[in-house]
Amino acid sequence: MLILFAALFWSFSNLIMKRLQNVNLLHFIVWVSLVPPLPLFTLSYFIETDSPLTLLLNTTTQSWLSIAYVGYISTLIAFAIWGWLLKNHKAAAVTPFALLIPIVGIIGSALLLNEQLMRMEAIGGGFILCGLTVSVTGARISKIFSKPRADVLP
């Protein structure tokens with residue numbers, strides 16, 4: 001249910017960003033990102049642990065770097081770039097590239113965290129890249145093959 005709501009609200013945010021005019025999207029994302037930490041921190045405080053201070057003191061450097069990556073790079077920078085792309089290009093041309101999100105995550109975890117890339121993940125990534133290629137180039141390729149050729153008699 002949460003995944004469905006996440007997809008729904010992501011589509012809402014894409015619609016909002018697409019319609020914003022004369023707004024610096026990085027500044028917009030920074031201001032919008034100030035709201036969610038408050039209820040999430042409160043929920044985390046009451047649900048996840050008996051002693052939040054112990055949790056904060058025992059957090060590893062790798063965990064803090066992961067939080068910084070998610071907070072700054074994937075949320076602020078990537079979402080601002082995504083918004084800029086949506087604002088300046090057709091949504092149908094931009095949105096297929098969201099398929100690259102899991103591939104970037106898998107490659108990033110393999111490179112940065114030394115996680116082993118499993119065969120099934122590589123096969124799945126290949127299918128995603130094939131689907132993205134068809135999605136992006138399919139219309140152009142079909143136009144090439146559907147043009148009437150002068151050297152072929154009807």
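Here are some friendly notes on this predicted model, point by point.

1. The core. The largest nonpolar core has 10 residues: Met 17, Leu 20, Leu 25, Ile 29, Leu 76, Ala 80, Trp 82, Leu 86, Val 94 and Ala 98. Two helices, H2 (25-32) and H5 (61-88), each bring at least two residues to this core. The biggest contributor is H5, with 4 residues. If you want a place to start browsing, pick H5 and work outwards.

2. Val 94 in that core. Val 94 is one of the core residues. With neighbours within four places in sequence set aside, Val 94 is in contact with Trp 82, Leu 85, Leu 86 and His 89. Trp 82 and Leu 86 are themselves listed in the core.

3. Asn 14. This residue sits in helix H1. Is Asn 14 buried or exposed? Asn 14 counts as buried because its relative accessibility is 11%, and the cut-off for buried is under 20%. Beyond its neighbours within four places in sequence, Asn 14 is in contact with Trp 82 and Leu 86. Both of those partners belong to the largest nonpolar core, so this polar side chain deserves a look on your screen.4. The stacked tryptophans. Trp 10 and Trp 82 form an aromatic pair of the stacked kind, with 5.7 Å from centre to centre and 25° between the planes. Because Trp 10 lies in helix H1 and Trp 82 in helix H5, the pair ties together parts that are 72 residues apart in sequence. Trp 10 is partly exposed, with a relative accessible area of 33%, whereas Trp 82 is buried at 12%.

5. Phenylalanines of helix H1. The count of aromatic pairs comes to 3. Among them is the pair of Phe 9 and Phe 12, which is edge-to-face, with 5.6 Å centre to centre and 80° between the planes. These two rings belong to residues 3 apart in helix H1, so about one helical turn separates them. Phe 5, Phe 9 and Phe 12 form one aromatic cluster.

6. A nonpolar surface patch. Which residues make the nonpolar surface patch of about 760 Å²? They are Met 1, Leu 4, Phe 5, Leu 8, Phe 9, Phe 12 and Leu 15. Phe 5 is placed in helix H1 (residues 2-19) and counts as partly exposed, at 40% relative accessibility. Phe 12 is also partly exposed, with a relative accessible area of 39%. The three members of the aromatic cluster, Phe 5, Phe 9 and Phe 12, appear in the patch as well.

7. Asn 114. The backbone here is worth a glance. Asn 114 has a positive phi of about 55°, although it is not a glycine. For context, most residues other than glycine have a negative phi. Asn 114 lies in the loop between helix H7 (100-112) and H8. With a relative accessible area of 68%, Asn 114 is exposed, the cut-off for exposed being over 50%.

8. Gly 124. This glycine is found in helix H8 (residues 119-146). Gly 124 is partly exposed, with a relative accessible area of 26%. How far apart are the C-alpha atoms of Gly 124 and Pro 102? They are separated by 9.8 Å, while the two residues are 22 residues apart along the chain.

Note on methods
Residues are numbered from 1 along each chain as its sequence is written. This is a predicted model: local features need pLDDT of at least 70, side-chain atom pairs count only at pLDDT 80 or more; totals for chains, interfaces and linings use all residues. Side-chain values use heavy atoms; hydrogens and water are left out. A nonpolar core is a set of buried Ala, Val, Leu, Ile, Met, Phe, Trp, Tyr and Cys residues joined through side-chain atoms within 4.5 Å. Buried means under 20% relative accessible area, exposed over 50%, partly exposed in between (1.4 Å probe, protein chains only). Contact means heavy atoms within 4.5 Å. Patches are made of residues with over 30% relative accessible area and no salt bridge: like charges are joined within 9 Å, nonpolar side chains (Val, Leu, Ile, Met, Phe, Trp, Tyr) within 5 Å. Accessible areas come from the Shrake-Rupley method with a 1.4 Å probe; for residues, only the protein chains shown count as cover. A salt bridge is a side-chain nitrogen of Lys or Arg within 4 Å of a carboxyl oxygen of Asp or Glu. Rings of Phe, Tyr and Trp (its six-membered ring) pair if their centres lie within 6.5 Å; planes under 30 degrees apart count as stacked, over 60 as edge-to-face and the rest as tilted.
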